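Student: I would like to go through this structure with you and ask, at each step, what a given term rests on.
Tutor: Then let us look at the structure before we begin.

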Amino acid sequence: MAEQATEAVRGVAGRAPQWRTHGVRRRSTRAWRIRMSAVIVSVVVLAVLLVPPLTQLDQQAVDLAAKLQPPSWAHPFGTDDVGRDLLLRSVYGLRVSLLVGVVAAVVATVIGTAVGALAGALGGWVDRGVMRVVDTFSSVPHLLLGIFVVAMFRPGVWPVVISVGLTHWLSTARIVRAEVLSLRSRPYVDAAISGGSSRWRVTARHLLPGVLPQAALAAVLMVPHAIWHESALSFLGLGLPTHQASLGTLVQTARGSLLAGDWWPTLFPGLFIIVPTLAIAGLAGAWRERLNPRRRSELTL
């Protein structure tokens, strides 16, 4: 019996380093993923800021003699069906899609933060009424509601921004409301109320500053979703006009080329949608782990 107990203790002691090794491997993998995401986001930001002013090339220039050329040294991403350079068009399209995504995310975050803070701070029938409105809008698919909003305007950047902003504030409102309800039970909030502070003063001085990190994280997480939403609307022909380069319009205009066997006009704009959005989501995930240390500690086990 003593020998069996000794062997069991040795077995447990031998497994402990494996747990630590697994945790170290997970941490190193996560750190590598964060670094790669940061590098990709940095390259994307530098490209959209520096390439257009430095190249001084017209991304709308048509060269029918060079149409549908495969990738080469002269055109690393090839050319489209009218001879335009796809690398330059993809950079311009990413510039427009990022603009739409960032502005729409900010608009949706401001609306969601205001609605969620109002519902959580006032409580009672106001909270119940606001959340029923949120549930009603949530029952309608975002894309369908976005199509309805965009259809009321002429194709352009700002109708897409309005559409994404008005359809993506619901999750932020829920997050902010839950955080406000959590903050209302804190001792310093009770002390402020007992000291005679009004409800609006407590909301402005104690509740809103407490929800800003969560609201900012929601805005960052919303940027990739807004880019995909803009690309979907443009692909359907309801977002930006076809002559204006965006990632959605590039994929939409390349459908005929793909059916003819020319893969590059669809592949590279699609990669410009997927890779930056995954990188932004990776950085947002690292930020979320930092805001929630308990979840981060669980991930390292």
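The dialogue below takes up a helix, its salt bridges, a proline and the confidence of the model.

Tutor: Keep in mind that this is a predicted model, in which local features need pLDDT of at least 70 and side-chain atom pairs count only at pLDDT 80 or more, while totals for chains, interfaces and linings use all residues. Residues are numbered from 1 along each chain as its sequence is written, and side-chain values use heavy atoms, with hydrogens and water left out.

Student: How do you know that the span of helix H3 agrees with its 15 residues?
Tutor: The expected span is 1.5 Å times one less than the number of residues, which for residues 124-138 gives 21 Å, and the end C-alpha atoms of H3 are 21 Å apart, so the two agree. Helices here are DSSP runs (H or I, at least four residues), numbered from the N terminus.

Student: What makes aspartate 127 count as buried?
Tutor: Buried means under 20% relative accessible area, exposed over 50%, and partly exposed in between (1.4 Å probe, protein chains only); aspartate 127 has 10% relative accessibility and therefore counts as buried. By contrast, arginine 177, at 22%, counts as partly exposed.

Student: Why is the pairing of aspartate 127 with arginine 177 called a salt bridge?
Tutor: The term requires a side-chain nitrogen of Lys or Arg within 4 Å of a carboxyl oxygen of Asp or Glu, and the closest N and O atoms of aspartate 127 and arginine 177 are 2.7 Å apart, so the pair qualifies. Aspartate 127 lies in helix H3 and arginine 177 in helix H6, so the pair ties together parts that are 50 residues apart in sequence.

Student: Which residues does proline 276 touch, leaving aside those up to four places away in sequence?
Tutor: With contact taken as heavy atoms within 4.5 Å, proline 276 touches Ile40, Val44, Leu94 and Leu271. Proline 276, which lies in helix H11 (residues 264-291), is itself buried, with a relative accessible area of 7%.

Student: Which element of the chain has the lowest mean pLDDT?
Tutor: On pLDDT, the predictor's confidence in each residue from 0 to 100, helix H12 (residues 293-299) has the lowest mean, 46, and H2 the highest, 87. Over residues 295-301 the pLDDT is below 50. Where pLDDT is low, the predicted coordinates should not be read in detail.

Technical notes. Helix = DSSP H or I, 4+ residues; strand = E, 2+ residues; numbered from the N terminus.
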